[in-house]
Amino acid sequence: MTVDELLKPGILVLCGSDGVGKTTTAAALAARAAVREDMHVAVLTIDPARRLANAMGLAKLGNRLRQVNLSAAAATTARGKLEAGMLETKSAWDQLIIEQAGSREKADKILANPFYKEISGAFVGSHEYIAMERLYDLHQSDKYDLIVLDTPPSRNALDFLEAPNRMTELVSGGLLGLLARPGMFAGKVGLRMFSLTAKPIMRIADNLLGGSTLSELSEFLVSVEDMYGGFKARAEGVYSLLGQASTSFLVVTTLEDVPFEEARFFVEKLSQAGMHLVGAIVNKRLPSYLLDPAATNLARRLLERSPPVERALAENFLAYRTLGQRDNDLMGRIAELGVPLLGSVPRMSEPVGDLSGLLEVGRLLAEGA
Amino acid sequence: MPGAGGLIDDLLRRRVLILTGKGGVGKSTTSAALALLAANDGKRVLVIEVDAKGNVPDFFDTRRVGFKYRRLHKNVWGLSMQPKDSMQEYLSLMLHLPGFSLKPMQGFIEYTSGAIPGLKEILVTGKVYYEENASENGGPRWDLIVVDGAPTGHVVSQLGAARHLSTLVRSGPIHDQAVRIANLLSDVERTAVVLVTIAEEMPVSETIDLADRFADETDITPAALLVNQLQPEIVSDADLPAFKRLVSAAGRKDFLQRYPDGDPLLGAGEMMLEAQGRSQHLGKLLARSLKLPTLNIPYVFQRNHGFAFTRTMARALDDLR
């Protein structure tokens with residue numbers, strides 16, 4: 001498979017460790033799809049990289065998708081369209097509540113509740129939930145041929161894969177569910193268990209939280225209760241969307257130990273979850289001349305007898321050579337990932353700064369590994 | 001502002017060090033190296049991994065650790081946060097119940113931890129608090145706790161969770177405990193939050209954003225900035241102009257005439273100068289934006305990871321003292 005074969009209608013999800021160039025890869029693939037395949041493409045990132053936003057001609061990326069002017073690059077003939085947006089967790093949650101609440105009045109009440117504020121803004125993992133939500137929204141809008149999603153660099157891929165499940169759990173499970181709808185909890189653990197444990201549980205909850213918190217909490221729950229059905233349906237929708245054959249997952253890595261291990265981890269988790277994992281992309285490859293034997297000999301010779309500046313040049317080369325060797329070792333081990341290597345991009349001296357830079361990255365990726 | 005050496009000693013005299021930064025900047029390595037440095041000073045050190053991925057034991061060439069602390073090296077112990085175990089421990093401490101009596105409610109506890117906002121997050125800092133207080137043989141169990149903390153995206157929620165929870169839950173044992181945890185984290189005498197970065201654009205801009213978020217959303221003030229993987233001084237300042245000339249177009253030609261195999265050397269030289277230029281520019285940006293005591297840690301050009309790497313890095317830190 002080649003990178004260009006991925007640029008077909010559907011969804012492309014990029015996973016990988018932090019700092020491996022996921023966002024740039026996502027933007028490059030999206031730009032290539034729009035320019036070369038004339039597709040209507042949306043790229044959704046979590047990274048507030050200003051330079052990348054500028055590269056797409058946008059002052060900054062926001063929660064609302066904005067159209068990228070493709071004619072800025074030498075792509076005036078392109079009939080495709082590219083839109084880019086960034087996930088802002090808080091505003092995406094607010095939007096979700098407004099859509100689901102039914103009435104504005106009801107939405108406002110929820111938005112003002114202290115518990116809602118905690119849930120939407122503060123808790124770890126809310127990013128992962130909302131990324132999936134936005135993906136679902138964009139897909140439902142039927143506006144785009146291809147959606148490219150740059151996932152949060154979540155150390156725990158499970159967070160992200162389980163996001164839809166955890167979202168329903170959040171609103172319908174646990175103490176929240178118990179307080180608002182005791183029957184639901186009973187359904188989960190069996191009625192008998194419920195009657196055995198409900199009293200001590202309520203006593204513990206009361207003991208732990210204090211009376212006023214409990215009542216605020218249940219007030220909040222009653223107000224979101226009507227939304228259970230909507231949330232649940234959406235979560236199921238998201239999950240089936242991720243599992244579709246037209247949804248492809250790509251793992252991005254660099255040739256460094258930690259990201260490489262992360263890539264391995266992502267491959268494992270995605271395979272376990274039955275996701276359609278198509279391959280890996282390697283970024284920031286070091287130049288192969290660092291391993292040049294003649295240059296190595298020269299450097300060793302210069303170390304012994306030469307003016308200080310040339311000695312420094314030699315010493316510096318040998319230092320970089322160790323990095324080149326690590327690069328080379330890990331490249332040799334890329335098969336261990338168990339997915340095909342689809343493309344690689346060399347280390348660049350400057351981060352990508354404009355649309356033609358993105359298209360160049362896309363071209364390099366399409367050249368194959 | 002203390003010098004580099006003073007800064008390391010200033011950090012190591014605290015009770016708790018919490019390292020955070022963008023993924024890939026070497027948080028775990030730095031945590032391990034700082035722990036080793038303190039251990040070599042004769043301190044009893046506990047390393048807490050916050051991330052489920054947890055690879056700190058790799059840096060000591062030992063197998064993975066669980067929620068119960070285990071020895072990793074002379075004077076270094078490690079433990080890894082496990083949500084289920086930590087919730088049990090937390091609740092049993094909170095309710096003054098032995099752990100086993102919570103077993104029948106396992107399912108309920110799992111739900112609860114997901115449902116009360118901030119409760120899961122507080123477990124991590126709650127564990128830090130608990131270990132900081134733990135005593136053994138009439139003295140504190142640990143001289144220093146090093147937390148290999150959450151990455152930039154999560155750390156503010158995590159460290160801020162105790163204070164948040166204490167305002168959300170306004171009475172009862174959860175409230176009291178949350179206040180005690182929050183007080184430990186914001187006490188600069190006992191706790192130092194350390195921002196770790198490398199001299200690259202994205203990690204630097206995330207670090208600056210992170211410092212702003214600490215100021216806006218928490219009562220925690222980071223104590224120091226560690227800049228990892230800086231170019232070591234292979235070329236002395238005095239030789240730098242000559243080095244630049246050598247790598248420039250004119251110098252190149254002359255060098256290649258003498259050494260036809262020399263092109264890769266010039267290439268590597270250029271890469272180094274680029275990296276150095278970037279470091280200087282970003283270093284200034286960090287200094288201007290953060291005004292934090294800063295420790296610059298040179299790149300360790302070494303292939304092997306594991307304990308050999310940790311030792312080299314601890315030595316590099318020691319050299320800065």
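Helices (H or I, at least four residues) and strands (E, at least two) are DSSP runs, numbered from the N terminus. The structure is a predicted model, in which local features need pLDDT of at least 70, side-chain atom pairs count only at pLDDT 80 or more, and totals for chains, interfaces and linings use all residues. Residues are numbered from 1 along each chain as its sequence is written, while chains are lettered from A and ligands numbered from 1 in the order in which they are written. The predictor gives the complex an ipTM of 0.79 and a pTM of 0.80.

Chain A holds an open sheet of eight strands with mixed pairing (strands pair if DSSP finds at least two bridges between them). Its order is β3-β4-β2-β5-β1-β6-β7-β8. The edge strands are β3 (66-68) and β8 (341-346). β3(A) pairs with β4(A) (residues 81-86) in the antiparallel sense, over three bridges. There, A:Val68 stands opposite A:Leu82.

Two helices lie across strands of chain A (contact: C-beta atoms, placed from the backbone, within 7 Å). Helix α15(A) (residues 257-272) lies across β1, β6 and β7, at about 160° to β6(A). Angles run from 0 to 180 degrees between N-to-C directions of axes, which are lines fitted to C-alpha atoms, for helices over the stretch in contact. Helix α2(A) (residues 22-36) lies across β1, β2, β4, β5, β6 and β7, at about 170° to β2(A).

The axes of α16(A) (residues 293-304) and α17(A) (residues 308-332) come within 8 Å and cross at roughly 135°. The two helices are therefore oblique to each other (angles under 35 degrees count as roughly parallel, over 145 as roughly antiparallel, 65 to 115 as roughly perpendicular and the rest as oblique).
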